[in-house]
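Here is a quick walk through a fold, from the overall layout down to single residues. Keep the viewer open while you read.

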Amino acid sequence: TDESNHRVNEWLIHHMDESPFHKLCYDTSVTTRHINEDYLTEHDNDSALQTDATYGMTPLHMLAMNPHAPADSISTLLNSNQEAVFSLDNEEKTPLDYARDYNVGGLVGMITGLCNQRNSSAHDQRETIIEETVSTSKRRKIG
C-alpha cells in the first residue's frame with residue numbers, strides 16, 4: 001500500500017544515511033538511469049558489493065526488495081557486478097530470495113542475466129577452443 005511504502009521510505013531516510021546507494025535502490029521512483037548514470041558511472045562497479053553495516057545487505061538486496069524497481073534496473077545493477085547476486089545478508093538471504101518475495105519481475109531479470117552470462121561464457125570458451133585447435137593444426141602443417 002502507499003502508506004506502507006511511505007513508512008518504509010521514511011525508515012530508510014533515517015537508517016541508511018551512511019549507505020546512499022542502498023537508499024537509492026529502495027526509492028520507489030528508482031530508474032535504470034539513477035542506477036547506471038547517477039551512481040555506477042560516478043562510482044565504480046565494486047560499489048554494488050558494498051554492504052550496509054546493520055543488515056549486511058548489498059544495494060542489489062535493497063533493489064530486489066523494492067516492489068517498484070523496474071526489472072531493467074535490477075539487471076543493470078546485476079550486470080555491473082554479478083558476484084552481488086550470491087551475497088548473503090545477515091539473515092542468510094541473497095538478492096534472489098528477496099526478489100522472489102517482493103519483485104518477481106526483478107527475479108526474472110536476474111535469472112535472465114545469469115543465463116545470458118553463462119551462455120556468453122560458454123560461447124567464449126568454445127571460441128577459445130576453436131582458435132587453439134586451428135592454431136595447433138596450422139603449426140602441425142607447417143612443421
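Reading along the sequence, you get the pattern α-α-α-α-α-α-α. That makes seven helices and zero strands in the protein. Keep in mind that this is a predicted model, so a word on confidence comes before the details.

The protein averages a pLDDT of 78, and 69% of the residues score at least 70. Among the elements, helix α1 (residues 2-15) has the lowest mean pLDDT, at 64, while α6 has the highest, at 92. Where pLDDT is low, the predicted coordinates should not be read in detail.

Now for some global numbers. Of the 143 residues, 38% count as buried. The accessible surface comes to about 8,800 Å², and carbon and sulfur atoms own 50% of that. As for contacts between residues at least 6 apart in sequence, 64% of them join residues at least 24 apart.

On to the inside. In soluble globular proteins, nonpolar side chains tend to be buried together. The largest nonpolar core here has 25 residues, and Phe 21, Cys 25, Ile 35, Leu 60, Leu 63, Leu 77 and Met 110 are the ones that touch the most other members. Helices α2, α3, α4, α5, α6 and α7 (104-142) each supply at least two residues of this core. The largest share, five residues, comes from α4.

Cys 25 is a good place to zoom in. Leaving aside its neighbours within four places in sequence, Cys 25 is in contact with Val 30, Ile 35, Pro 59, Met 62, Leu 63, Asn 66 and Leu 77. One of those partners, Met 62, is found in helix α4.

Next, helix α3, which spans residues 32-40. Its buried residues are Thr 32, His 34, Ile 35, Tyr 39 and Leu 40, and they pack against α2 (20-26), α4 (59-65) and α5 (71-80). Two packed helices are described by the angle between their axes and the distance between the axes. For α3 and α5, the angle is about 35° and the axes are 7 Å apart. On the α3 side the contact is made by Thr 32, Ile 35, Asn 36 and Leu 40, and on the α5 side by Asp 72, Ser 73, Thr 76, Leu 77 and Ser 80. By class, that contact of α3 with α5 has three nonpolar, five polar and one charged residues.

Which residues count as buried, and at what relative accessibility? Here are three of them.

| Residue | Relative accessibility |
|---|---|
| Met 62 | 4% |
| Gly 109 | 10% |
| Thr 94 | 12% |

Thr 94 counts as buried because its 12% relative accessibility is under the 20% cut-off. Thr 94 lies in the loop between α5 and α6 (95-102). Beyond its neighbours within four places in sequence, Thr 94 is in contact with His 61, Val 85, Phe 86, Ser 87 and Leu 88.

Gly 109 has its place in helix α7. With neighbours within four places in sequence left aside, Gly 109 is in contact with Ser 75 and Leu 78. The C-alpha atoms of Gly 109 and Thr 76 are separated by 9.4 Å, with their positions 33 residues apart along the chain.

Met 62 offers another pair to check in the viewer: Met 62 and Leu 24 are 38 residues apart in sequence and 8.8 Å apart in space, C-alpha to C-alpha.

Key
Residues are numbered from 1 along each chain as its sequence is written. This is a predicted model: local features need pLDDT of at least 70, side-chain atom pairs count only at pLDDT 80 or more; totals for chains, interfaces and linings use all residues. Side-chain values use heavy atoms; hydrogens and water are left out. Buried means under 20% relative accessible area, exposed over 50%, partly exposed in between (1.4 Å probe, protein chains only). Helices (H or I, at least four residues) and strands (E, at least two) are DSSP runs, numbered from the N terminus. Contact means heavy atoms within 4.5 Å. Axes are lines fitted to C-alpha atoms, for helices over the stretch in contact, and angles run from 0 to 180 degrees between N-to-C directions. Ala, Val, Leu, Ile, Met, Phe, Trp, Tyr, Cys and Pro count as nonpolar, Asp, Glu, Lys and Arg as charged, and the others, Gly among them, as polar. A nonpolar core is a set of buried Ala, Val, Leu, Ile, Met, Phe, Trp, Tyr and Cys residues joined through side-chain atoms within 4.5 Å. pLDDT is the predictor's confidence in each residue, from 0 to 100. Accessible areas come from the Shrake-Rupley method with a 1.4 Å probe; for residues, only the protein chains shown count as cover.
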